[in-house]
Amino acid sequence: MEAYVKHEIQNNIATIEFFHPEQNSLPSDILKLLAHTITEVGNNGDVKVVILKSGGDRTFCAGASFKELMVINDAETGKIFFSGFANVINAMRKCPKFIIGRIQGKTVGGGVGIAASTDYCMATQFAAIKLSELNVGIGPFVVSPAIERKMGVSAMSQIAIDANTFYEASWAREKGLYVSIFESIEALDAEVQKFAEHLCTYNPEAMVEMKKVFWRGTEDWDNLLAERAAISGRLVLSDFTKETLKKFK
């Protein structure tokens, strides 16, 4: 199957789905389309609630596309690539509608940042998380503000430093990333749909104002995440990272 970002709107609920055949990793074109779709749906007056999900029944998101990382040869190109994750996070932050995250499986790196940028996140018991960036010599610079906001500095630093370990979904729930976890995708989907329908009964204006409250203090993220993207874009050119990425060819 080819990579895609698609969405549908039904009964005031917009469902955005992204997919990539390599474990839902995210190259720059998919990141760009995802950010655009989130913005478009958020500005649609017929939409009251947004569900964000990925395709397939295993990995929610494997993070950055290693194939694309391998061919970055200058800092500006690197900054542009990592700005793709920054743009998705900022689109989610600015979206005036509540975004429900539906995390069906493991999520790594940038995928953890996307999950942390949802307003209400539910997952299966298989949705372990890992920040693997330090393993390849980069670091989760772009996504760490979103993860820190959701889980706290202690939890964020723990998984950033321990870059080899998958942390179980139950741990992620304890730290505030997930609201609840379910034994199966079917149970997760049923609850996500039920909850989205319930949110549609709320006053839309009240939800818009509450979203502003939730994200208060992040007004500088356009600049902050761009600065972080520049750091990652520089580090991806390091000898350490170049040599490490060769192992994944």
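Let's start with burial: 52% of the 249 residues in this chain count as buried. Keep in mind, everyone, that we are looking at a predicted model.

How does the overall size fit with that chain length? For 249 residues, a compact globule would have a radius of gyration near 18 Å, and the chain comes out at 17 Å, so the two agree. If you prefer box dimensions, the C-alpha trace spans about 55 × 40 × 35 Å along its principal axes.

On to what the chain is built from. There are 11 helices and 8 strands. As for how the chain is wired together, take the contacts between residues at least 6 apart in sequence: 76% of them join residues at least 24 apart.

Now, one helix pair I'd like to walk you through. Helix 1 covers residues 28-42 and helix 3 covers residues 75-94. Their axes lie 9 Å apart, and the packing angle is about 15 degrees. Angles under 35 degrees count as roughly parallel, and helix 1 and helix 3 are therefore roughly parallel to each other. The handedness of their crossing is left-handed.

And which residues of helix 1 and helix 3 meet? On the helix 1 side, please find Ser-28, Leu-31, Leu-34, Ala-35, Ile-38 and Thr-39. Facing them from helix 3 are Phe-81, Gly-84, Phe-85, Asn-87, Val-88, Ala-91 and Met-92. Sorted by character, the residues of this contact give 9 nonpolar and 4 polar, with no charged ones.

That's the tour, thanks for listening!

Technical notes:
Residues are numbered from 1 along each chain as its sequence is written. This is a predicted model: local features need pLDDT of at least 70, side-chain atom pairs count only at pLDDT 80 or more; totals for chains, interfaces and linings use all residues. Side-chain values use heavy atoms; hydrogens and water are left out. Axes are lines fitted to C-alpha atoms, for helices over the stretch in contact, and angles run from 0 to 180 degrees between N-to-C directions. Helices (H or I, at least four residues) and strands (E, at least two) are DSSP runs, numbered from the N terminus. Angles under 35 degrees count as roughly parallel, over 145 as roughly antiparallel, 65 to 115 as roughly perpendicular and the rest as oblique. A crossing is left-handed if the near helix is turned anticlockwise from the far one by less than a right angle, and right-handed if clockwise. Contact means heavy atoms within 4.5 Å. Ala, Val, Leu, Ile, Met, Phe, Trp, Tyr, Cys and Pro count as nonpolar, Asp, Glu, Lys and Arg as charged, and the others, Gly among them, as polar. The radius of gyration is taken over C-alpha atoms; the globule rule is 2.2 Å times the number of residues to the power 0.38. Buried means under 20% relative accessible area, exposed over 50%, partly exposed in between (1.4 Å probe, protein chains only).
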